[in-house]
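Dear colleague,

I am passing a structure on to you, together with a short account of what was found in it. Please look it over before reading the notes that follow.

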Amino acid sequence: MATQKKKIITIEGLLSRIEKLEKRLEILDPKSKNSLPGKSLQISDIEQNLELWSKKFPGINVKIELEKMLDWLSANNKRKKDYKAFFRNWLRKASSDLGNNVPQEEKIKYIFGCQESNCKTIESPYKDMYYFCSICNQQKIVIDKKR
Ligand SMILES: [Zn+2]
């Protein structure tokens, strides 16, 4: 039996491999970075998927936010390359504003914990936070709410 050479993977090694792959991809498909469709196509794509956006940003009226964003863009004479990315950031800001604008007495705290064990819980005013439990090796979920 031949002796197998042990491969040691380092982060540096991985990064340089990724870099090489990216370069190769750019040679194969140099246009990919600039191939986003025009504004109206991007916006109509967002409009057709409002339900999905709404699921990603619960508590936000995504239709109204889209209108607000379009008004803001035209009022400020702004053009964007990637409207989806801009809308995503817009909604992120809208959802964090929402949390900050809720009057103190109505502020709900979401308790994040692990479903099957009594791990440490984390409180947050936002229900869409991502907390990872390194003991259970999984994402913590909202197990309770409190006012
Ligand atoms: Zn846990």
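Which exposed residues does the face of α4 turned away from its buried side carry? They are K63, I64, E67, D71, S74 and A75. Please bear in mind throughout that the model is predicted.

To place this helix in context, I begin with the chain as a whole. The chain contains five helices and five strands, and along the sequence they follow the pattern α-α-α-α-α-β-β-β-β-β. Of its 147 residues, 7% count as buried. Among the contacts in the chain with a separation of 6 or more, 52% are made by residues 24 or more positions apart.

I return now to α4. This helix covers residues 62-75 and therefore has 14 residues. From its first C-alpha to its last, α4 reaches 19 Å, which is close to the 20 Å expected at 1.5 Å a residue. Its buried residues include V62, E65 and M69. Seen down the axis of α4, the buried residues fall within an arc of 55°, so they line one face of the helix. A general point is helpful here: an α-helix has 3.6 residues a turn, so residues three or four places apart point the same way. After α4 comes N77, whose phi is positive, near 55°.

M69 also appears in the nonpolar core. The largest such core has five residues, namely I46, M69, Y83, F87 and W90. Helix α5, which spans residues 83-101, supplies the largest share of this core, with three residues. One member of the core, F87, is in contact with I46, L66 and M69, when its neighbours within four places in sequence are left aside.

The strands remain to be described. Strand β1, residues 109-113, pairs with strand β5, residues 141-146, in the antiparallel sense over five bridges. Within this pairing, K109 of β1 stands opposite K146 in β5. β1 also pairs with strand β2, residues 122-124, again in the antiparallel sense, over three bridges. In β2, I122 is the bridge partner of F112. β1 thus has antiparallel pairings with both β5 and β2.

I would suggest viewing α4 with its buried residues V62, E65 and M69 on one side and the exposed residues, among them K63 and E67, on the face turned away.

With kind regards

Key: Residues are numbered from 1 along each chain as its sequence is written. This is a predicted model: local features need pLDDT of at least 70, side-chain atom pairs count only at pLDDT 80 or more; totals for chains, interfaces and linings use all residues. Two strands pair if DSSP finds at least two bridges between them. Helices (H or I, at least four residues) and strands (E, at least two) are DSSP runs, numbered from the N terminus. A nonpolar core is a set of buried Ala, Val, Leu, Ile, Met, Phe, Trp, Tyr and Cys residues joined through C-beta atoms within 7 Å. A residue is buried if 20 or more other C-beta atoms lie within 10 Å of its own, exposed if 12 or fewer, and partly exposed in between; C-beta atoms are placed from the backbone. Two residues are in contact if their C-beta atoms, placed from the backbone, lie within 7 Å. The expected span of a helix is 1.5 Å times one less than its number of residues. The arc is that of the directions from the helix axis to the C-beta atoms.
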